[in-house]
Structure formats: C-alpha cells, structure tokens
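Visitor: I have the sequence and the coordinates open, and I would like to ask how the descriptive terms used for such a structure are justified.

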Amino acid sequence: MISLRELTVRYGATVAVDGITLDLTPDKIYGLLGRNGSGKTSLLSVLASYRRASAGTVTVDGVDPFENPALMRGTAFIRDQLDVTTQDRVDRVLDFAGRLRPTWDAGYAEHLTDVFELDRRKRVSALSRGQRSSLGVVLGLAARAPLTILDEVYLGMDAAARTAFYRELLADYLAHPRTIILSTHLIEEVADLFEQVIVIDRGRLLVHEDTDTFKARGVAVTGPAAVVDAFVSGRTVLSERSLGGVRQATLYGGLDPRDVERAGAEGLSLAPVGVQDLFVHLTSGAADGTHRSEALR
Amino acid sequence: MTTSRLVAATLLRIYRPVVLWFWTTMAVCAVVGMTVIALSGEPSFSLWLLIAGTAAKYWLGVVGATLVSLNLRQFVANGITRREFLAGAAIFGLSAAVVFAIAVVAGHGVEQLLLGLDGPLPAGYPTMTPGTAVREFGQILPSALAFLVAGAAVTAGFYRFGAWGGLALLPAAVLPLAAAETLFGLDANLGFAVRFVPYAAAVLITLAVTALGVLLYQRVLRDVTIRPAG
C-alpha cells in the first residue's frame with residue numbers, strides 16, 4: 001500500500017502539491033489526471049524518490065521509499081524527457097538498464113523494440129520524438145518494477161504506436177500484475193485501462209475513486225430549459241449549454257432510482273458523461289471566473 | 001556483487017573508451033615529442049612526466065565534473081539510490097586515480113628505458129629509482145584525487161543550487177585543487193617538487209582538504225532532486 005499523507009511540494013512561493021492525502025492499493029492501474037501545472041509530475045517525482053516532499057509523508061508498506069534501496073529498485077519512473085544519455089545507442093541504453101535492474105526482462109525489452117520498430121543501433125539523439133517515447137515505454141515496461149510510473153510517455157507517438165503501447169501495457173499487466181500509474185492528457189484513449197482515477201487540480205486532490213464510480217458521477221440531463229432548471233436545482237452543475245429552448249446540464253453526483261424515474265416522467269433524457277468530459281468539467285473555469293472544482297471541495 | 005561495486009563497474013564501462021583514448025593520445029604525444037627533442041639535442045627533462053603528469057590530473061577533474069551531470073540521473077532512474085551512486089562513484093574515482101598515478105610512473109619508467117637504449121641517460125634527466133617512483137606515485141595520487149573531487153564538488157554545487165548557488169559554493173569546492181596546486185609543482189628540470197612544506201605534510205594536507213571536498217560533495221548530493229535533462 002502506498003500512502004501519502006498531507007503531501008506538499010513547494011518551489012519557493014509556489015505550491016505545486018498542496019497537502020494531498022491518498023492511499024493506493026497495490027496491483028492496480030491508476031490514471032492520474034490533471035491540467036498542465038496541476039502538480040502531477042511533482043507528485044510523481046516524490047513517489048519515485050526523485051525529490052523530497054516539502055512537507056507530509058510518503059510510505060510504501062509503512063516504509064519511507066526515499067533512498068531505500070529495495071523500494072527504489074522496485075520503482076520505474078519514466079518521464080517525458082528520458083533519463084538516458086542521448087549520445088548512447090538504443091541497445092546500450094537497454095543494456096544499462098539490464099545491468100542495474102534486477103527485475104529487467106531483456107527478452108521482453110527486445111520484443112517491445114520490435115513492436116515499436118526501434119532501431120537498436122540508432123543513437124537516442126537520432127530518434128524522433130515518438131520513437132523516444134517508445135523507448136521510454138520499453139524502459140518502463142521491461143523493468144517490470146512493482147511500481148511503474150509513466151508520466152506523459154506517449155508524446156509524439158503516432159496512433160499505431162499508442163495503440164501498441166496500450167495493448168502491450170494491458171497484456172503485460174495481466175501477465176505480471178503490478179501498480180501502474182499513468183499520467184496522461186489523452187484521457188479518452190486510455191480511460192478504459194484505468195481501474196482507479198485520481199484527479200488533481202491546482203495541487204489538490206479532487207477525486208480518487210474507481211473508474212466506474214467516477215463515470216457514474218457524471219450525467220448529462222437534456223430537455224426543455226425550464227424542466228431541466230427545475231430538475232438540477234440544488235444539485236452540483238458542472239456545465240450548462242442551451243440551444244433554442246433545449247438545455248443540457250452536466251451534473252456531478254449520481255442519481256438515485258427515484259431521480260431517474262422522475263427524469264423519465266418529466267421527459268428528460270439522461271446520458272453518461274465520459275471520463276474526459278467529466279475531467280474537463282471538473283477542472284475548467286466557470287463563466288463567472290470561479291473554479292468548478294471549488295464546489296466539490 | 002554489492003550495488004556500489006556494480007555502480008563502479010558500470011562507470012568503468014562508461015569511461016573505458018575515453019580512458020583508452022586519453023592514454024593512447026598521451027603515449028603518441030610523448031613518443032613523437034621525445035623523438036623530436038632527442039633529435040635536436042639531449043633531453044634534460046621527462047616529457048612524459050610533464051604532459052601525462054599534468055594532463056592526468058586535469059582529465060580526472062573533468063571526469064569528476066561529469067560524474068553527476070552525466071550519470072546521476074541515469075543511475076537513479078534505474079533504481080540506484082543516491083548513496084549507492086556516491087559510494088560507487090567513490091570506488092570508481094579512487095580506482096581511476098590509482099591507475100592514473102601508476103600509469104604516469106610506469107610511463108616515466110618506459111621513457112627512461114627507451115632513452116637508455118641509446119646510451120647513458122642525458123644529464124639533468126629526472127632519473128627514476130624505486131624511491132623516486134614511490135615519491136612520484138605519492139605526489140600524483142593526492143593531486144589526482146584533489147582534482148577529481150574538486151571537479152565533482154563544483155558540478156554538484158551547480159547541479160543542486162543552480163548558477164548563483166553553484167558560484168557561491170565554488171571557493172569551497174575548489175579548495176582541494178588549490179591545495180594540490182599550491183603544495184605540489186614542478187622543479188627547474190620539470191620534475192615533480194614539493195613547495196612550502198615537507199613532502200609528508202603536503203600529502204597529508206592535500207588528502208585532508210580532499211576529504212573535506214568529498215564531504216561537501218556527499219552533503220550536496222545526498223538528497224538532491226533528480227532534474228530532467230536540459
């Protein structure tokens with residue numbers, strides 16, 4: 001179990017992560033979602049022992065992972081800017097990881113380089129942006145680390161490479177269950193992989209729950225404007241839009257069976273909201289300049 | 001194999017090509033230079049001691065400077081703790097300094113042997129005996145370590161604290177280098193010489209200041225943030 005308690009990361013006067021408390025049960029795929037500058041990478045850097053927290057604690061099974069050899073060996077953190085020597089050839093980068101990582105699977109690394117069509121003789125500096133991202137995926141997955149953190153690893157990857165990445169990730173996770181944290185902006189593409197969703201906004205934890213529960217929290221109510229207004233009154237409205245006399249309101253919070261029945265009786269249609277739409281609604285600014293997420297805190 | 005030894009062995013693999021290139025370059029320069037000097041007259045100094053003895057310590061300074069800037073990130077990214085990296089880097093650095101010091105002394109012996117093939121050694125040439133060999137080794141090793149540690153400590157300061165913080169730390173970081181350069185130098189025949197204090201004191205002072213440099217290096221890096229490239 002990974003436990004974060006009041007975790008805070010500051011850069012001078014800027015608070016990147018603001019007192020996050022969170023428990024991550026092992027062997028699940030987590031989707032870490034947040035807008036640019038929301039503190040995702042800072043949070044992940046602390047989890048991976050790349051930096052110390054300014055305040056608060058991180059523990060893995062009750063132990064501080066910072067400078068703990070066993071726990072650091074069991075963590076693979078792949079950032080969008082790879083932590084490799086760009087003058088090295090791909091095979092040397094993989095060999096380096098193989099020498100240092102006790103859980104490294106060289107055969108699987110070779111398989112992945114074939115899947116992503118990486119030329120092992122090429123220098124990292126000669127790889128395209130997408131190929132570098134693919135190399136990051138190889139390093140992250142072939143490490144088979146109990147805690148695998150992939151931070152925006154898809155940058156520059158074309159659709160085929162991203163599809164291969166999702167396929168390989170899921171297949172390897174099923175064969176070798178481990179805790180995987182995926183930080184991504186391509187939410188719709190990977191939402192089906194997430195078992196749990198973590199949404200942070202301006203450094204603070206907004207949501208942490210099962211993906212299905214999270215999805216069930218969003219519902220789009222569409223119908224005559226006056227009926228919709230009456231129905232949503234007193235509920236948390238994330239967004240509204242109107243076209244003529246028809247209005248659609250996106251609600252946050254599940255509807256109970258009586259609400260569903262009432263909506264049907266009043267001629268309102270209910271539709272689920274995708275993870276990405278829900279995320280956008282939760283983290284985007286309202287027309288009056290306030291943050292919608294404030295309503296959820 | 002312990003992790004720190006694994007780190008040291010991996011660093012050795014990384015630096016091996018440039019080490020070979022360095023010593024090949026030194027050997028070629030010394031052979032060509034000594035041949036030219038011998039053709040134009042009798043050499044009254046050791047070109048090998050002059051160029052290899054000097055270049056070796058500067059080269060180790062560069063190695064020290066690159067230890068953190070080029071390697072720390074990659075090792076931590078592959079599950080090595082900072083402490084393990086620092087221990088491995090210390091083993092690698094000490095081994096490199098010892099090997100370099102031995103190579104300088106051994107090269108001097110080879111140079112003397114080659115010069116002796118053509119007759120008696122030229123007057124004024126710094127003849128090597130077992131005693132002077134030990135003394136040369138004992139002078140090069142502390143100098144090499146001082147340069148290595150100074151290079152590492154300077155870069156560590158910039159890596160952790162950025163430009164201004166690194167500059168502020170610079171005077172303390174270069175102290176080992178300053179001590180070595182002040183106390184060890186060259187005599188009139190371009191042989192090794194000790195200045196201001198007796199030989200043993202020079203060695204002890206240099207090693208002590210170098211140890212402080214190691215402490216500074218360790219303090220700066222023991223919990224440093226691993227920054228992304230660029």
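Visitor: What makes helix H1 of chain A a helix that lies across strands?

Guide: In this predicted model, helix H1 (residues 40-47) of chain A lies across S1, S2 and S4 of chain A, and the helix runs at about 55° to S2(A). That angle is taken between N-to-C directions of axes fitted to C-alpha atoms.

Visitor: How do you know which strands of the S2-S1-S4 sheet of chain A are the edge strands?

Guide: The sheet is an open one of 3 strands in the order S2-S1-S4 (chain A), with antiparallel pairing. Strand S2 (14-24) and strand S4 (55-60) of chain A each pair on one side only, and they are the edge strands. On average, neighbouring strands of this sheet are turned by 20° against each other, with direction ignored.

Visitor: Why are strand S1 and S2 of chain A called paired?

Guide: Pairing requires at least two bridges between two strands, and strand S1 (residues 2-11) of chain A and S2(A) have 7 bridges in the antiparallel sense, so the two strands count as paired. Within this part of the chain, A:Val9 stands opposite A:Val17 in S2(A).

Visitor: What makes the pairing of the S5-S6-S7-S3-S8-S9 sheet of chain A mixed or antiparallel, and which strands form its edges?

Guide: The pairing in this open sheet of 6 strands, ordered S5-S6-S7-S3-S8-S9 (chain A), is mixed. Its edges are strand S5 (75-78) and strand S9 (204-210) of chain A, each of which pairs on one side only, and the average turn between neighbouring strands is 15°, direction ignored. A parallel pair is formed by strand S3 (residues 29-33) and strand S7 (residues 179-183) of chain A, joined by 4 bridges, and since two bridges are enough, these strands count as paired. A:Leu32 stands opposite A:Ser183 in S7(A). Helix H11 (residues 275-283) of chain A lies across S3, strand S8 (196-201) and S9 of chain A, at about 25° to S8(A).

Visitor: Why is A:Asp259 called partly exposed?

Guide: A residue is buried with 20 or more other C-beta atoms within 10 Å and exposed with 12 or fewer. A:Asp259 has 18 such atoms, a value that falls between these limits, and therefore A:Asp259 is partly exposed. The residue is found in helix H10 (residues 257-265) of chain A, and from A:Val63 it is 196 residues apart in sequence and 46 Å apart in space, C-alpha to C-alpha. For chain A as a whole, 42% of the 297 residues count as buried.

Visitor: How do you know that the buried residues of H3(A) line one face of the helix?

Guide: The buried residues of helix H3 (residues 90-100) of chain A are A:Val90, A:Val93, A:Leu94, A:Phe96, A:Ala97 and A:Leu100. Seen down the axis of H3(A), these residues fall within an arc of 155°, so they line one face of the helix. Their cover includes helix H4 (106-115) and helix H5 (129-142) of chain A, together with H1 and H2 of chain B.

Visitor: What makes up the contact between chain B and chain A?

Guide: The contact takes 22 residues from chain B and 19 residues from chain A. On the side of chain B that touches chain A, helix H1 (3-40), helix H2 (47-77) and helix H3 (82-116) of chain B each supply at least two residues, and H2(B) gives the most, with 6 residues. By class, this side of chain B divides into 9 nonpolar, 8 polar and 5 charged residues.

Visitor: How is chain A divided into domains, and what joins them?

Guide: An automatic or database assignment divides chain A into domain 1 (2-81 + 137-211) and domain 2 (217-296). Taken over C-alpha atoms, 30 Å separate the centres of domain 1 and domain 2 of chain A, and their contact takes 10 residues from domain 1 and 8 residues from domain 2. Helix H7 (187-190) and S8 of chain A each supply at least two residues of the domain 1 side, where S8(A) gives the most, with 3 residues.

Definitions and conventions:
Residues are numbered from 1 along each chain as its sequence is written. Chains are lettered from A and ligands numbered from 1 in the order in which they are written. This is a predicted model: local features need pLDDT of at least 70, side-chain atom pairs count only at pLDDT 80 or more; totals for chains, interfaces and linings use all residues. Two residues are in contact if their C-beta atoms, placed from the backbone, lie within 7 Å. Ala, Val, Leu, Ile, Met, Phe, Trp, Tyr, Cys and Pro count as nonpolar, Asp, Glu, Lys and Arg as charged, and the others, Gly among them, as polar. The arc is that of the directions from the helix axis to the C-beta atoms. Axes are lines fitted to C-alpha atoms, for helices over the stretch in contact, and angles run from 0 to 180 degrees between N-to-C directions.
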